[in-house]
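Dear colleague,

Please find below the structure that I am handing over to you. My findings follow directly after it.

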Amino acid sequence: MSETEIKLWPGVPDLHALGARDFDDLIGASGELEGEERGEVLLESAERSVLRYPLPGTLTRAGERPGRPRGAGTGFVYLTRWQGGSLRDKTAARLSAPRSLSFAARAWNLICHLREHGVGTAQPLAMGEETAALFSTRSFLATRELELMQPLADYLEANRGSTARRRLAHALGLLVARLFEARVELPTLSPETIFVSREGAGEECAAQKIQEVLAPVDKSCGSPVPGLEKRPLPELAIASVHGGCVVESFKERESMDLLRRLGAGVAESWQLDERELLRVAHYAFLRRVPRERRRALVSQLSRSKMAR
């Protein structure tokens, strides 16, 4: 029988709070994870699967509460399970930053790194891996669902007013700036993996609930995206860090590529005009670029596909 290692996020007392008894329940080997029968498989491949399932005590669709919460609250969990993986992906996870012994540990370490730099993420709950000398092929990561939030693409579709567009562009620029500061490259970053607080979620109780999930737990971590507490901007969070890594530095070219990629993803639902594009770029990094160089970059962005 192989040995396993499990980490729990502060505030999660034990695996029982997640509806599990041991590693096998969470990796899917036993078929005994409580709530899995009420869950939904969102992704399934030979190497990775994602299950959305309710925590113990979460209300059913009929409004019934099957049991009581067990210390981790209620709501839904996104449980990612890894089995195997390509040699290239394993090597990248093992040798590039943050160096990790499994795909789950890689995601856990990236989330912690982002939260330490003030980037909102889905709240991690637990991570487990089989112990291995070089790399573990079986691992899992459990994160809390981003309640009261929706994908960026959906938010943009529902909010077409100029005020909403201006506020979102400002907030998105601040989020991208924090990614640059954290030196995190996320190849899967898209309007589907960036989540925004829903319309009306700015009310005091809802905002506090969002902050409790997005804000880092320990005092060494930074606050969420700066400015969101003082200005009426929507809250932002990254739902997935799959395939991400920490790089030595973000160069100007990489910064421009990231902005173009985001812009291309929302082109159909948002149709960024030049002013909105430049607002994102300004808060992302242009305000720290020397004036002469800034003019050249503005010209490049104005001609890019983002400004169509």
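How many residues does helix 3 have, and how far does helix 3 reach from its first C-alpha to its last? In this predicted model, helix 3 has 14 residues and reaches 20 Å, close to the 20 Å expected at 1.5 Å a residue. Most of helix 3 is covered, with 12 of its 14 residues buried. Among the buried residues are F103, W108, L110, I111 and L114, and also R106, H113 and R115. After helix 3 comes G118, which has a positive phi, near 80°.

I turn next to the sheet. It is an open sheet of 6 strands in the order 1-5-6-4-3-2, and the pairing is antiparallel. At the edges are strand 1 (4-8) and strand 2 (40-44), each of which pairs on one side only. From one strand to the next, the twist averages 15°. Helix 3 (residues 103-116) packs on this sheet, where it touches strand 1, strand 4 (76-83), strand 5 and strand 6 (138-144). The direction of helix 3 makes about 145° with that of strand 5.

The individual pairings may help you to find your way. Strand 1 is joined to strand 5 (residues 124-130) by 5 bridges in the antiparallel sense, and K7 has M127 of strand 5 as its bridge partner. At the other edge, strand 2 and strand 3 run antiparallel and are joined by 4 bridges. These two strands form a hairpin, with 3 residues between them. Within this pairing, L43 is opposite V50 of strand 3. Strand 3 also pairs with strand 4, antiparallel and over 7 bridges; here Y53 has V77 of strand 4 as its bridge partner. Strand 3 (residues 48-54) is itself mostly covered, since 5 of its 7 residues are buried.

Two residues around strand 3 deserve a separate note. G39 lies in the loop between helix 1 and strand 2, and G39 is partly exposed, at 26% relative accessibility. Although G39 and R52 are 13 residues apart in sequence, their C-alpha atoms are 5.3 Å apart in space. Leaving aside residues up to four places away in sequence, G39 touches L51, R52, Y53 and P54. R52 has a further partner: its charged end sits over the ring of F76, 3.7 Å from the ring centre.

Finally, there are the aromatic pairs. The structure holds 4 of them, and I describe two here. F23 and F140 form a tilted pair, with 5.7 Å from centre to centre and 50° between the planes. This pair links distant parts of the chain: F23 belongs to helix 1 (residues 23-27) and F140 to strand 6, 117 residues apart. F23 is buried because its relative accessible area is 5%, under the 20% cut-off. F140 counts as buried too, at 0% relative accessibility.

The second pair, F180 and F285, is edge-to-face, with 5.9 Å between the centres and 75° between the planes. F180 lies in helix 5 (residues 162-182) and F285 in the loop between helix 8 (274-284) and helix 9 (291-303), so this pair ties together parts that are 105 residues apart in sequence. Both F180 and F285 are buried.

With kind regards

Conventions:
Residues numbered from 1 in each chain as written. Predicted model: local features only at pLDDT ≥ 70, side-chain atom pairs only at ≥ 80, totals over all residues. Heavy atoms only, no water. Pairing = 2+ DSSP bridges. Axes fitted to C-alpha atoms, helices over the stretch in contact; angles between N-to-C directions. Contact = heavy atoms within 4.5 Å. Phe/Tyr/Trp six-rings, centres within 6.5 Å; stacked < 30°, edge-to-face > 60°. Buried < 20%, exposed > 50% of the residue type's maximum accessible area, 1.4 Å probe, protein only. Lys NZ or Arg CZ within 6 Å of the ring centre and 35° of its normal. Expected span 1.5 Å × (residues − 1).
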